[in-house]
Amino acid sequence: MGLSGLCVAHCFATALILGLLASAGGFFASPLFHETGLVLAILLGAVALGHGAVVHGFMMPAAIGSLGLGIMAGALTMDHGLQESVYTLLGVGILALGHDLNHRAGR
């Protein structure tokens, strides 16, 4: 859940940083930077959801989180831009919901 929050913060912060620091725009706006981060987030999210499903024996959080992972993976196929950002943020939000449900299942 923390990584999902960091991803959202990164997306918003990148827009702010690009507006303020044009010289950093080449690095932060690079599609490779976003694709690498998104792939890592997908892999870590899948591991965390799978672990939670095994430990808690409750599949609903993994199912919801997997929807978010799928939307995030779909964003990887899009050109870098507004549509890709919207799909990434939507996927991250749904993944965060899955992580939260996973956390609550452990109580």
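The paragraphs below lead through this structure, from its overall makeup to its helices, its core and its surface.

The model is a predicted one, and the residues discussed are numbered from 1 along the chain. The protein holds five helices and zero strands, so that, read along the sequence, its pattern is α-α-α-α-α. Of its 107 residues, 28% are buried, and the accessible surface comes to about 6300 Å², with 74% of that area belonging to carbon and sulfur atoms. Where contacts join residues at least 6 apart in sequence, 64% of them link residues at least 24 apart.

A walk through the helices can begin with α3, which covers residues 31-56. This helix has 26 residues and reaches 37 Å from its first C-alpha to its last, close to the 38 Å expected at 1.5 Å a residue. Pro31 is found in α3, and it counts as partly exposed because its relative accessibility is 39%. The C-alpha atom of Pro31 is separated by 8.5 Å from that of Asp79, although the two residues are 48 residues apart along the chain. The buried residues of α3 are His34, Leu38, Ala41, Ile42, Gly45, Leu49, Gly52 and Ala53. After the helix comes Gly57, whose phi is positive, near 70°.

Helix α4 takes up residues 60-75, and its 16 residues should span 22 Å at 1.5 Å a residue, which agrees with the 23 Å between its end C-alpha atoms. Its buried residues are Pro61, Ala62, Gly65, Gly68, Leu69, Ile71, Met72 and Ala75, and what covers them includes α3 and α5. One of these buried residues, Gly65, deserves a look of its own. Gly65 lies in α4 and counts as buried because its relative accessible area is 0%, where a residue needs to be under 20% to be called buried. Leaving aside neighbours within four places in sequence, Gly65 is in contact with Leu49, Ile94, Leu95 and Gly98. Leu49 is among the buried residues of α3, while Ile94, Leu95 and Gly98 are among those of α5. Gly65 can also be placed relative to Gly91, since these two residues are 26 residues apart in sequence and their C-alpha atoms are 8.6 Å apart in space.

Helix α5 runs over residues 82-105. At 1.5 Å a residue its 24 residues should span 34 Å, and the 35 Å between its end C-alpha atoms agrees with this. The buried residues here are Glu84, Thr88, Gly91, Val92, Ile94, Leu95, Gly98, His99 and Asn102.

These three helices come together in the nonpolar interior. The largest nonpolar core has 11 residues, namely Leu38, Ala41, Ile42, Leu49, Ala53, Ala62, Leu69, Met72, Ala75, Val92 and Leu95. The elements that give two or more residues to this core are α3, α4 and α5, and α3 gives the most, with five residues. Ala53, one of the core residues, touches Phe58, Met59, Ala62 and Asn102 when residues up to four places away in sequence are not counted. Of these partners, Ala62 also belongs to the core, whereas Asn102 is listed among the buried residues of α5.

From the interior the path leads to the surface and its charged groups. On the surface, Val39, Leu40 and Leu43 make a nonpolar patch of about 270 Å². Val39 is found in α3, and it counts as partly exposed because its relative accessibility is 37%, a value that lies between the 20% limit for buried residues and the 50% limit for exposed ones.

Side chains of opposite charge can pair when their charged atoms come close. The structure holds one salt bridge, formed between Asp100 and Arg104, whose closest N and O atoms are 2.8 Å apart. Both residues lie in α5, four residues apart, which is about one turn of the helix. An α-helix has 3.6 residues a turn, so residues three or four places apart point the same way. Arg104 itself counts as partly exposed because its relative accessibility is 49%.

Key:
Predicted model: local features only at pLDDT ≥ 70, side-chain atom pairs only at ≥ 80, totals over all residues. Heavy atoms only, no water. Patch = residues over 30% accessible without salt bridge, like charges linked within 9 Å, V, L, I, M, F, W, Y side chains within 5 Å. Areas by Shrake-Rupley, 256 points an atom, 1.4 Å probe, with all protein chains shown as cover. Salt bridge = Lys/Arg side-chain N within 4 Å of Asp/Glu carboxyl O. Buried < 20%, exposed > 50% of the residue type's maximum accessible area, 1.4 Å probe, protein only. Expected span 1.5 Å × (residues − 1). Contact = heavy atoms within 4.5 Å. Core = buried A, V, L, I, M, F, W, Y, C linked by side-chain atoms within 4.5 Å.
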